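Biologist: Please take a close look at one sheet of this model, strand by strand, and then go on to the pockets and the residues around them. I would like the cut-offs along with the terms.

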Amino acid sequence: MIYLKTDEEIELLRESNLLVGMTLGELAKWIAPGITTLKLDKIAEEFIRDHGAVPGFLGYGGFPNTLCISVNEQIVHGIPSNYELKDGDVVSIDCGTLKNGFNGDSAYTFCVGEVAYEVRRLLKTTKESLYLGIEQAVEGKRIGDISNAIQTYCEKKGFSVVRELCGHGVGKRLHEDPEVPNYGRRGCGPLLKNGMVIAIEPMINLGSRNIVIERDGWTTRTRDRKPSAHFEHTVAIREGKADILSSFKYVEEVLGEKSI
């Protein structure tokens with residue numbers, strides 16, 4: 001069942017999603033060699049609660065923390081720990097908030113110190129593919145148009161697309177229909193209608209697309225242990241142009257010229 005949102009509900013979703021963007025911006029101030037991923041998790045939880053919301057991921061399906069923090073070859077769903085970030089790492093931070101009964105969901109992959117050129121290129125391509133997907137997220141198109149735009153762009157750049165994980169609808173529940181894969185054929189899949197709200201989240205690998213789920217049942221990594229990148233926005237389907245409800249503005253204000 002795909003739920004279409006009213007304009008009022010979309011504004012509540014915007015509020016939750018902008019808080020995710022603000023949280024990612026706060027974390028951007030702290031990301032540096034030596035900080036633990038668990039410390040980043042605590043900062044995020046405090047920030048979210050101070051702004052009148054609750055962490056959307058904490059306890060979701062049994063997930064133990066506020067953030068999914070995935071380092072280097074980890075693709076998504078990494079559990080915060082005492083791991084200290086190192087110079088040259090890349091770290092995907094996926095954050096969710098629940099406020100006024102509606103969910104926010106967005107992710108950004110950060111560089112820690114000096115990162116290898118090819119890995120930075122992976123991050124840049126993944127982020128660019130997100131916006132190419134968003135360009136297709138308009139009334140009258142289909143999910144496959146989003147999927148194909150992401151896949152085509154990333155594969156042309158020599159990277160591979162994770163197939164087992166995908167984007168999703170967002171609303172009163174964190175994960176709603178429809179699923180939004182990052183690969184597919186144009187003109188296929190559910191029709192996009194005004195009022196649909198979806199999270200588009202390319203997960204792109206430097207090496208092969210094959211994945212492994214670790215024994216903790218959550219952490220998903222590349223089988224070849226090469227780096228992966230992940231960027232995510234929640235958007236509302238509108239006529240003519242998608243309405244991006246989340247924001248990277250707060251991250252990019254902190255990072256400045258170091259932004260991907």
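Modeller: What follows begins with the sheet, moves to the two pockets, and ends with cysteines and some backbone details.

The model is a predicted one, in which local features need pLDDT of at least 70, side-chain atom pairs count only at pLDDT 80 or more, and totals for chains, interfaces and linings use all residues. Residues are numbered from 1 along each chain as its sequence is written, and side-chain values use heavy atoms, with hydrogens and water left out.

The sheet is open and consists of five strands in the order β8-β7-β9-β14-β15, with antiparallel pairing. At its edges stand β8 and β15, each with a single partner strand, so one side of each has no neighbour in the sheet. Strands here are DSSP runs of E with at least two residues, helices are runs of H or I with at least four residues, and both are numbered from the N terminus. Two strands pair if DSSP finds at least two bridges between them. In general, strands of a sheet pair through backbone hydrogen bonds, either parallel or antiparallel.

Take β14, residues 233-236. With β9 (residues 197-200), β14 pairs in the antiparallel sense over four bridges, and Ile 198 has Val 235 as its bridge partner in β14. With β15 (residues 243-244), β14 pairs in the antiparallel sense over two bridges. There, Ala 236 has Asp 243 as its bridge partner, and Val 235 stands opposite Ile 244. The strands β14 and β15 form a hairpin with six residues between them, and Gly 240 in the turn has a positive phi of about 90 degrees. Which way do the residues of β14 point? His 233 and Val 235 point one way, Thr 234 and Ala 236 the other way, and all are buried. Buried means under 20% relative accessible area, exposed over 50%, and partly exposed in between, with a 1.4 Å probe and protein chains only.

At the β8 edge, Pro 178 is found in the strand, and the peptide bond from Asp 177 to Pro 178 is cis, with omega near 5 degrees.

The sheet strands also bear on the largest pocket. That pocket holds about 410 Å³ of space, and β7 (167-169) and β8 (176-180) are the elements that give two or more residues to its lining. Of its 22 lining residues, His 77, Cys 166, His 168, His 175 and Glu 201 lie nearest the centre. A pocket is found on a 1 Å grid over the protein atoms alone, as an open set of points where a 1.4 Å probe fits, with protein on both sides within 12 Å along at least five of seven lines; lining residues have an atom within 4 Å of a point. Grid points are joined across faces, edges and corners, and a volume is the space filled by probe spheres set on the points. By class, the lining of the largest pocket has ten nonpolar, five polar and seven charged residues. Ala, Val, Leu, Ile, Met, Phe, Trp, Tyr, Cys and Pro count as nonpolar, Asp, Glu, Lys and Arg as charged, and the others, Gly among them, as polar.

The second largest pocket has a volume of about 330 Å³. Its lining numbers 15 residues, with Cys 111, Val 112, Gly 113, Leu 255 and Lys 258 nearest the centre. Two or more residues come from each of β5 (102-111) and α5 (249-255), and β5 gives the most, with three. The classes are eleven nonpolar, one polar and three charged.

Leu 255 is also a contact of Ala 28, as are Phe 110, Val 251 and Val 254, leaving aside neighbours within four places in sequence; contact means heavy atoms within 4.5 Å. Ala 28 lies in helix α1 (residues 7-28) and, at 8% relative accessibility, counts as buried.

As for cysteines, a disulfide is a pair of cysteine sulfur atoms within 2.5 Å, and the count comes to zero. The sulfur of Cys 111 is 16 Å from the closest cysteine sulfur, in Cys 154, too far for a bond. Cys 188 is in no disulfide either, since the nearest cysteine sulfur, that of Cys 166, is 16 Å away.

Two asparagines have positive phi. Asn 72, at about 60 degrees, is in the loop between β2 (67-71) and β3 (74-76) and is buried at 18% relative accessibility. Asn 100, near 55 degrees, lies in the loop between β4 (90-99) and β5 and is partly exposed, at 48%.
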